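Trainee: Could you walk me through reading aromatic contacts and helix packing? I'd like the general idea and then the actual case.

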Amino acid sequence: MFARAHGCAVRGITGLMVEVEVDVARGLPSFEIVGLPDPSVRESRERVRAAIRNSGFEFPMGRITVNLAPADVRKVGVGLDLPIAVSILAAVGAVPESRLERATLIGELALDGSVRPVRGVLPAAAAAWQCGLGAALVPPDNAQEAKCIGNLDVLAPGTLCEAVRYLNTGARPALPQRRGHDKESFGAGPDFSCVIGQRSAARALEVAVAGGHNLIMVGSPGGGKTLLASCVPSILPEMSMREAIEVSCVKSVSGSDMAAGIATVRPFRQPHPSVTLVGMLGGGSPPMPGEVTLAHAGVLYLDEFCEFPRPVLESLRSPMEAGVITVSRARAAVTFPSSFMLIASANPCACGNHGDSERRCVCTGVQLARHRRRLCGPLVDRIDIQVEVPRVNWDNLRMCDDRRSSSEIREAVGNARRLQEARYGREGETNSRLGANEIERKAHLRAEAHATLVEAVRTMRLSVRTYHRLIKVARTIADLDGSESIAEEHALEALQYRMLEPAIGCAGAEVDPDD
């Protein structure tokens, strides 16, 4: 007796369709699963056996062979419990096999036959729809994320009995009510009107968000760096549908609560400086997303930037440039998206008082050199906007007339983003992603602005990469002003955001050889 059902596994954030083939033959009782099952899949034998019996069905006493095709790809996860159980019942005639041809089944089975939630239902449902399957039977707690795939008929059986009843009679199990939903498409956090005396830093953050540029703030403790960063979620633009689906897939694979359905708020991740390399980039067995992927389409905020381990910081260069991260293991290589905006904040030295007019720096020469080296490395060179955040004095604290609310800034950011999408003809495209071959052609740099940037590059001895990044930032500033071309004032403002390296004086500093 033979039967076939459709299941789904997940690789990275992509669904992998799995054909669950079952053969029940005469012979000594046995239950084997083949087709490169992970140990978590092999353990489904006992869960499936107990679930079938405790649901009132007779478990076949014969030689049962379950094949998971394609057999050359490792299957990971517990979401194949439900299709294995249903295909066994179909093989003995308890379920009509014809009803399994157009449906995919996803879910973990408890010993009493109830269906438990699993990770990765959204990418699995998307893969099922792309393969032409019209229906998906998923756990009740995963129903809302599966419904994000609009053309897919989603059913949420709470038990194995309900799944069998639907397949036999067409009686649809009731869908659970939506437990909650993001009330707005903007993240929670302080309003920019709370920021006093840091107008230039607030402007730099506006430019960074408008163009998707990476940014680092350097200043003494108490200057407001953390407050400025915490205001960023309130001005992030709305996600495109593509970004929303990708963020939702990442959340689904990572095990986040998806009861509210598709994500509408851009992620804002703030890992602790003690984060490991695996925690930042992703890894494990099976490979799971790290912080760079959990921040996809959003913000990765590194507070106390210089306290992070050097290997962790250096590892960010590749995902920052490519927008993806590949986690390679002995049996497979998984690629995760990692297109994020990096915001970092750091003190100017170990004690935090270097350059402060009111407090004296007590760092030794070696300590200062080590700290400066981290602020002048190749990673920081890839950060488009570099600003100093000085301590705010009492007189500035009383001046609050120049503050702007997050709603004003968000509107300006949204207008600038729409101009960029229209210019590049790609949804969600920003100036920060502009390729070197497109800069001269699409930036529309005026002659006087070009001359200003070239002179600055020669005087400050900046690299060609820095020159291109200056043009990108100037293009964003022009977009915020609604200008079709980059004027000299836009170029001059962009130059103000690259003054960090000369200010901290990296050249000639004595460096600890063990650093």
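**Rings, charges and a helix crossing**

Mentor: Let's start with one ring: Phe 268 counts as partly exposed because its relative accessibility is 27%, and partly exposed covers the range between under 20% and over 50%. Keep in mind that this is a predicted model.

Trainee: And Tyr 301, is that buried or exposed?

Mentor: Tyr 301 has 1% relative accessibility, so it counts as buried.

Trainee: How many aromatic pairs does a search of the whole structure find?

Mentor: Two. Read each one by centre distance and plane angle, with tilted being the class between stacked and edge-to-face. Phe 31 and Phe 59 are tilted, with 5.9 Å centre to centre and 45 degrees between the planes. Phe 31 sits in strand 3 and Phe 59 in the loop between helix 2 and strand 4, so this pair ties together parts 28 residues apart in sequence. Both Phe 31 and Phe 59 are buried. Phe 268 and Tyr 301 also make a tilted pair, at 6.1 Å and 35 degrees. Here strand 11 holds Phe 268 and strand 14 holds Tyr 301, so parts 33 residues apart in sequence are tied together.

Trainee: Which residue lies over the face of Tyr 166?

Mentor: Arg 99, at 5.4 Å from the ring centre. Likewise, Arg 423 lies over the face of Tyr 424, at 5.4 Å from the ring centre.

Trainee: Now the helices: at what angle do helix 17 and helix 20 pack?

Mentor: About 115 degrees, with the axes 8 Å apart. The crossing is right-handed. Arg 423 and Tyr 424 are among the helix 17 residues in the contact, and helix 20 brings Arg 475, Asp 479 and Leu 480. By class, that contact has six nonpolar, one polar and three charged residues.

Key: Residues are numbered from 1 along each chain as its sequence is written. This is a predicted model: local features need pLDDT of at least 70, side-chain atom pairs count only at pLDDT 80 or more; totals for chains, interfaces and linings use all residues. Side-chain values use heavy atoms; hydrogens and water are left out. Axes are lines fitted to C-alpha atoms, for helices over the stretch in contact, and angles run from 0 to 180 degrees between N-to-C directions. Helices (H or I, at least four residues) and strands (E, at least two) are DSSP runs, numbered from the N terminus. A crossing is left-handed if the near helix is turned anticlockwise from the far one by less than a right angle, and right-handed if clockwise. Contact means heavy atoms within 4.5 Å. Ala, Val, Leu, Ile, Met, Phe, Trp, Tyr, Cys and Pro count as nonpolar, Asp, Glu, Lys and Arg as charged, and the others, Gly among them, as polar. Rings of Phe, Tyr and Trp (its six-membered ring) pair if their centres lie within 6.5 Å; planes under 30 degrees apart count as stacked, over 60 as edge-to-face and the rest as tilted. Buried means under 20% relative accessible area, exposed over 50%, partly exposed in between (1.4 Å probe, protein chains only). A charge sits over a ring if NZ of Lys or CZ of Arg is within 6 Å of the ring centre and within 35 degrees of the ring normal.
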